[in-house]
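These are my notebook entries on a structure that I had not examined before. I set down what I looked up, entry by entry.

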Amino acid sequence: MLFWVHQHFCSRSSAVTCRTVQMLACDKQYQYLSPIQMWPQISRRGLHASSSLGMWELKNQRIYPPQKPDEPRRPAEMFYAKRNIKHSKRKMWYAATFVKGMMIDDALIQLRYVNKKAATIVSEVLLEAQEQAMSKHNFEYKSNMYIAASFSTRAASDHAARYHAKGRSSVLDLVYCHYFVCLKEGSPPQERVYNAHDQAEDYVKLLRKRNIPGSL
């Protein structure tokens with residue numbers, strides 16, 4: 001059993017992880033567990049070290065300098081994340097990009113007609129973020145907010161065994177993802193319509209700013 005655990009987990013990790021698996025396998029508390037059942041204990045002892053996932057929510061604690069009397073009111077903002085979702089980050093990308101820049105009510109209505117698991121997940125996360133924005137982050141109106149940022153990243157993956165006929169087996173990759181969203185108060189900013197005339201003006205400005213060595 002120790003050899004199977006060592007071969008299954010340590011081939012994908014460092015020497016520190018190998019020592020962790022060996023200590024767990026030699027421990028009497030875990031010697032009768034299967035490798036898949038040992039996975040939570042291995043994870044807690046440092047098999048997978050994800051990036052600092054709490055940095056996204058720490059942006060809610062950002063303190064801005066006081067505003068001047070003639071400055072417009074700074075709109076409220078809120079950062080929210082849903083972690084370890086049993087879904088692929090590539091499939092989540094379509095729904096996350098789809099709602100970016102929309103008003104939250106429009107996004108929830110549009111997601112009802114998308115027959116995908118990612119759309120259901122994004123819709124649930126947006127409702128949770130909307131409720132938290134109203135209760136903890138001083139948003140004035142429930143509908144007056146838009147999705148300023150929406151993206152997904154890869155989380156720690158897991159492995160499982162699938163058994164076939166005649167004693168054969170294969171390894172399943174159980175993928176997870178994190179979903180991050182930022183809500184801001186107000187309407188989304190208007191995007192600049194960049195046509196050919198604007199592109200020509202920018203090119204002329206670039207030519208006038210160039211520095212020609214040896215010129216007058």
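Is leucine 206 buried or exposed? I looked up its relative accessibility, which is 58%, so leucine 206 counts as exposed. I note at the outset that the model is predicted.

**Entry 1. The patch around leucine 206**

I placed leucine 206 in helix α8, which covers residues 196–209. I then asked which residues make a nonpolar surface patch with Leu206. Tyr203 and Leu207 are its partners, and the patch has an area of about 320 Å².

**Entry 2. Overall layout**

I next counted the secondary structure, which comes to eight helices and five strands. Read from the N terminus, the order of the elements is α-α-α-α-β-α-α-α-β-β-β-β-α. The protein has 216 residues, and I found 32% of them to be buried.

**Entry 3. The nonpolar core**

In general, nonpolar side chains of soluble globular proteins tend to be buried together. I therefore looked up the largest nonpolar core here, which holds 27 residues. Val122, Leu126, Tyr179, Val181 and Leu183 are the members that touch the most others. I recorded that at least two core residues come from each of β1, α5, α6 (104–111), α7 (117–136), β2 (145–154) and β5 (177–185). Which element gives the most to this core? It is α7, with eight residues.

**Entry 4. Tyrosine 146**

I turned to strand β2, where tyrosine 146 lies. Its relative accessible area is 11%; this is under the 20% limit, so tyrosine 146 is buried. I also checked the distance from tyrosine 146 to glutamate 185: the two are 39 residues apart in sequence, yet their C-alpha atoms are 6.5 Å apart in space.

**Entry 5. Salt bridges**

How many salt bridges does a search of the whole structure find? The search finds five, and I followed three of them in detail.

I began with glutamate 77 and arginine 62, whose closest N and O atoms are 3.9 Å apart. Glutamate 77 belongs to strand β1, and arginine 62 to the loop between α4 (55–58) and β1, so this pair ties together parts 15 residues apart in sequence. Arginine 62 counts as partly exposed, at 42% relative accessibility.

Glutamate 77 also meets lysine 184 in a salt bridge, with 4.0 Å from N to O. This pair links distant parts of the chain, since lysine 184 is in strand β5 and glutamate 77 in strand β1, 107 residues apart. I found lysine 184 partly exposed, at 28% relative accessibility. I noted that Arg62, Glu77 and Lys184 are thus linked in a network of salt bridges.

The third pair I followed is lysine 82 with glutamate 128, at 3.8 Å from N to O. Why does this pair tie together parts that are 46 residues apart in sequence? The reason is that lysine 82 lies in strand β1, whereas glutamate 128 lies in helix α7. Lysine 82 is partly exposed at 33% relative accessibility, and glutamate 128 is partly exposed as well, with a relative accessible area of 30%.

**Entry 6. A positive patch**

Finally, I looked for charge on the surface and found a positive patch formed by Lys86, Lys91, Lys116 and Lys117. Where does lysine 86 lie? I located lysine 86 in the loop between β1 (77–85) and α5 (89–99). Its relative accessible area is 39%, so I entered lysine 86 as partly exposed.

How values were computed:
Residues numbered from 1 in each chain as written. Predicted model: local features only at pLDDT ≥ 70, side-chain atom pairs only at ≥ 80, totals over all residues. Heavy atoms only, no water. Patch = residues over 30% accessible without salt bridge, like charges linked within 9 Å, V, L, I, M, F, W, Y side chains within 5 Å. Areas by Shrake-Rupley, 256 points an atom, 1.4 Å probe, with all protein chains shown as cover. Salt bridge = Lys/Arg side-chain N within 4 Å of Asp/Glu carboxyl O. Lys, Arg positive; Asp, Glu negative; His and termini not counted. Charge placed at Lys NZ, Arg CZ, Asp CG, Glu CD. Helix = DSSP H or I, 4+ residues; strand = E, 2+ residues; numbered from the N terminus. Buried < 20%, exposed > 50% of the residue type's maximum accessible area, 1.4 Å probe, protein only. Core = buried A, V, L, I, M, F, W, Y, C linked by side-chain atoms within 4.5 Å.
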